[in-house]
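Dear colleague,

I am handing over the structure we spoke about, with notes on the ligand and its surroundings below. Please have the model open while you read.

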Amino acid sequence: MCGIVGYIGFRNATDVLIDGLRRLEYRGYDSAGVAVRTPEGLRVVKRSGKLSVLAEALKEERLEGPWGIGHTRWATHGAPTDPNAHPHTTEDGRIAVIHNGIIENYLELKEALRARGHRFRSETDSEVLAHLIEEKYQGDLFQALREALMEVRGAYAVVAVHQDHEELVAARTVSPLVIGLGEGENFLASDVPALLPYTRRVIFLHDGDLARITREGVEIRDLEGNPLAREVVEIDWTLEAAEKGGFPHYMLKEIYEQPWVLENTLGGRLREEEGDVELGLGLDSKALERIHVIACGTAAYAGWYGKYLLEALARIPTEWDVASEYRYRDPVVDERTLAIAISQSGETIDTLEGLREAKAKGARTLGVINAKGSSLTREVEDVLYIHAGPEIGVASTKAYIAMLAAMAMLAVHLGRGRGTLSQEGARELLREMRKLPRLVEEVLEKRPLVAHIAEKYHQAQDFLFLGRHVQAPTAYEGALKLKEISYIHAEAYPAGEMKHGPIALIDEHLPVVVLATRGPLYEKTLSNIQEVRARGGKVIAIATEGDGEIPKLAQDVIPVPEVHPLLAPIVSVVPLQLLAYEIAVLLGRDVDQPRNLAKSVTVE
Ligand code: M6R
């Protein structure tokens, strides 16, 4: 977590840094700070709280200078206080450091540094970096950083400045860092949106890279000091795509972008005539004996959905795990296993480590990823990009729908390759997929109805979400969205499991959201609704348009258009996203930056 920015050039660094941090605030918002080289020397201003608190402080204490660094923090070691905010400086104030990640051996380093006379002002792991660099410094900051990192174990994106050197020195291992290339100016950031107002030409640093950045250029070396050549990538995201586009919140904008996202994810890949999908993967589907799907949070629910489709269409035994469990359960993997890691950011450390575990055991690897150039893209053999565009809202929405579409395409493709899915069966699914953008658009028109339902239930203390088969992951995703942004306790269960325990929760105070679209388990779901009603529960049903039965049973119904049952989650999740959004707004929550969360979780 944490957002990092750096600037060197001809503009006022403070303005560039604050602007960049604003675009990275989704990565953490516990505190923020900047260090700028002013005519009086290197000066630091940092404050606990959101970026707006720092911005206010900078109105009083104006920092003017052509280079500097900035940081927005998601607290790991030490509370969100002013002293724990970054940048951290050496005692003489000549060196300042910002860091994203975790220094695993910081306690032993800190002990040793203390014994050698260093005095610490924060409880963070990051501060050891400033002291280590100070110790190693003999006139060359780049060299000092390199030597300091030799003693460090853990994850880092780190940037250091020294008031006597007109340069930014940086390094990364595990945590992301991108260099933006300008004319007579250069930039650094944890993520691309911070660079977009200034440049689209970027270099993604790789694990183990160190960089020296001046106004004129960039020099990249490895930890041993050997020069490296890294590709300059042209980013095609527009700045507008990364901004709110007139919506009050990024989350709402991203929900409304979903028809377009589906066009992007599916477009150009569906081959209805052939009954196949063009994914450009080098996979030999017949050589696969099993699939392991690894992901976290929302991406994990997309993985769970993928399991159902891969088994149904490609008949490949598929296991699905949250990555933090997968990594430590000693999974049975061999070279006939395909490990699929799903991630919006491509930087989630649990997912990366889970993938590495599968890879070390010999698995073939595939990433289903949104962020181009992210760490995960470099660790997998094949990438299936979901093309959702930048997702800024901490609660994932459009990436989820794109992940579902990507997993559905993959299942069709593998099914065709293995001969387990007929050409006609594939054609039917592809024709249905083609309709998805339009169907999602129709669901978005139901927002007033969803807002009305939100009004009715937003004071509830708890919610239960139920769904079966492919709609079980939808139920879990609906509950996660509500928890994340409204802070209402929400549980999800496979509907058939309700009678084995959660049914005890049901009374007249409990709203129960049931995914009850038409499909093979429709009748069974109707019985589950009856069971809820019999105990006084309030049912909010997501039902197929034209369903005559459900309105007789449920207090509230949100109709969604009919589509192939295997694709129903792609339309059904939309009202659940809207419901969570409307409830959170009614409760006055911070929708885009919910408490305790960060967009990209780069710590274990
Ligand atoms: O970037 P990733 O897709 O790897 O992120 C995984 C989860 O951290 C993420 O989905 C998280 O659960 C979101 N807050 C969900 O809205």
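How far is a nitrogen atom of the ligand from an N or O atom in the side chain of Glu484? The separation is 2.4 Å, and taken alone the ligand exposes 410 Å², of which the protein buries 91% (accessible areas by the Shrake-Rupley method with a 1.4 Å probe).

Please keep in mind that this is a predicted model, in which local features need pLDDT of at least 70 and side-chain atom pairs count only at pLDDT 80 or more, while totals for chains, interfaces and linings use all residues. Residues are numbered from 1 along each chain as its sequence is written, and side-chain values use heavy atoms, with hydrogens and water left out.

The backbone also approaches the ligand: an N or O atom of the Val394 backbone lies 3.2 Å from a ligand nitrogen atom, and a backbone N or O atom of Ser396 lies 2.8 Å from a ligand oxygen atom.

Around the ligand there are 13 residues (each with a heavy atom within 4 Å of it), and those that come nearest are Ser343, Gln344, Ser345, Thr348 and Glu484. Helix H8 (297–314) and helix H15 (471–486) each supply at least two residues of this shell, with H8 giving the most, three residues (helices are DSSP runs of H or I, at least four residues, numbered from the N terminus). By class, the shell has four nonpolar, seven polar and two charged residues, where Asp, Glu, Lys and Arg count as charged, Ala, Val, Leu, Ile, Met, Phe, Trp, Tyr, Cys and Pro as nonpolar, and the others, Gly among them, as polar.

Best regards

Methods:
Polar contact = N/O pair within 3.5 Å; in protein donor to acceptor, adjacent residues only side chain to side chain.
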